[in-house]
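Visitor: I would like a close look at one part of this model, the nonpolar interior, and how it sits in the chain as a whole. Please go through it in one piece.

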Amino acid sequence: MNGNTTPEPPIDVVVWGENRHEQVQQKVRDIYPDGMHATIKEGIEENLGARARVRTVTLDDPEHGLTEELLAGTDVLVWWGHAAHGEVADEIVERVHRHVLAGMGLLVLHSGHWSKIFTKLMGTTCTLRWRSKDDRELVWTVDPTHPIARGIPHPFIIPAQEMYGEQFDVPAPDELVFLSTFTGGEVFRSGMTYRRGHGRIFYFSPGDQDYPVYHQEEVRKVISNGVEWAKSLRTERETPTLLRYDAEDFYNGHGYEGAMEN
């Protein structure tokens, strides 16, 4: 044996951006001149290099950029939305939902907590406490052994940010990775993981459009770690399906349409 190994193919990442604030607010354009989605993309490329192949799509693209073909080739989808959740077509939400259940990873950032796709996956209102003003956020690592926390200072400081606080109406997470505190005494579960079907989901709250949070080294590192974690280890993408198995046959399930049809 010569010890040579086949290199892992790069992670196919799509950063979905609403891209509305950047078009109408000069303050946001000044912080993110190429769009927030472009800055998030740059952070992933900066940290993962050749380990990731990253592209961006936006709300105003045909089918919001989220075609069946694109999603079928996407390992991890990163989602940022805020002002136009209602403009995301339900049929596209259903498409993304199906791909997550079949094994596509999903990162939901900041105000994406109220997106149609996140509320559908959580099954709750996903509401929270908030305060829109300059605040200092301390992001504390709750689980230093988690891959998403790799290389992240404990805590790291976001000098200016919007406050998010509890109660955050989401299901209890599979893993709590980060907890944030603010100057008003509020706490918030700012980094959480979930598994839905065959898909892995990471929610990470830092990143309001009015602040340069996605330029911050620690935030870019967390998102990049999240991308690596969210990529499925399964070789095939398939939605969990109810199948009937005959006695002594552990491997060959048969299609099942429902009790009345079988």
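Guide: What follows starts with the whole chain and then turns to the interior.

This is a predicted model, in which local features need pLDDT of at least 70 and side-chain atom pairs count only at pLDDT 80 or more, while totals for chains, interfaces and linings use all residues. Residues are numbered from 1 along each chain as its sequence is written, and side-chain values use heavy atoms, with hydrogens and water left out.

The chain has 7 helices and 11 strands; these are DSSP runs, helices being H or I of at least four residues and strands E of at least two, numbered from the N terminus. Its radius of gyration is 19 Å against the 18 Å that the globule rule gives for 262 residues, so the chain is as compact as a globular protein of that length. That radius is taken over C-alpha atoms, and the rule is 2.2 Å times the number of residues to the power 0.38. Of the 262 residues, 48% are buried, meaning under 20% relative accessible area with a 1.4 Å probe and protein chains only. Among contacts with a separation of 6 or more, 71% join residues 24 or more positions apart; a contact is a pair with heavy atoms within 4.5 Å.

Now the interior. A nonpolar core is a set of buried Ala, Val, Leu, Ile, Met, Phe, Trp, Tyr and Cys residues joined through side-chain atoms within 4.5 Å. The largest one holds 36 residues, and Ile44, Val78, Phe178, Phe204, Tyr214 and Val227 touch the most other members. Helix α7 (residues 217-230) gives the most to this core, with 6 residues. Apart from it lies another core of 34 residues, including Ala84, Ile92, Phe118 and Leu121.

Ile44 belongs to helix α3 (residues 36-48) and is buried at 0% relative accessibility. Beyond neighbours within four places in sequence, Ile44 contacts Val13, Val15, Gly49, Ala52, Val54, Val78, Ile223, Ser224 and Val227. One of these, Ser224, is 180 residues away along the chain, yet the C-alpha atoms of Ile44 and Ser224 are separated by 5.0 Å.

With neighbours within four places again set aside, the contacts of Val78 are Val13, Val14, Val15, Trp16, Ile40, Ile44, Leu107, Leu109 and Val227. Val227 and Val13 thus recur: Ile44 touches both, and Val78 touches both.

Methods:
Buried < 20%, exposed > 50% of the residue type's maximum accessible area, 1.4 Å probe, protein only.
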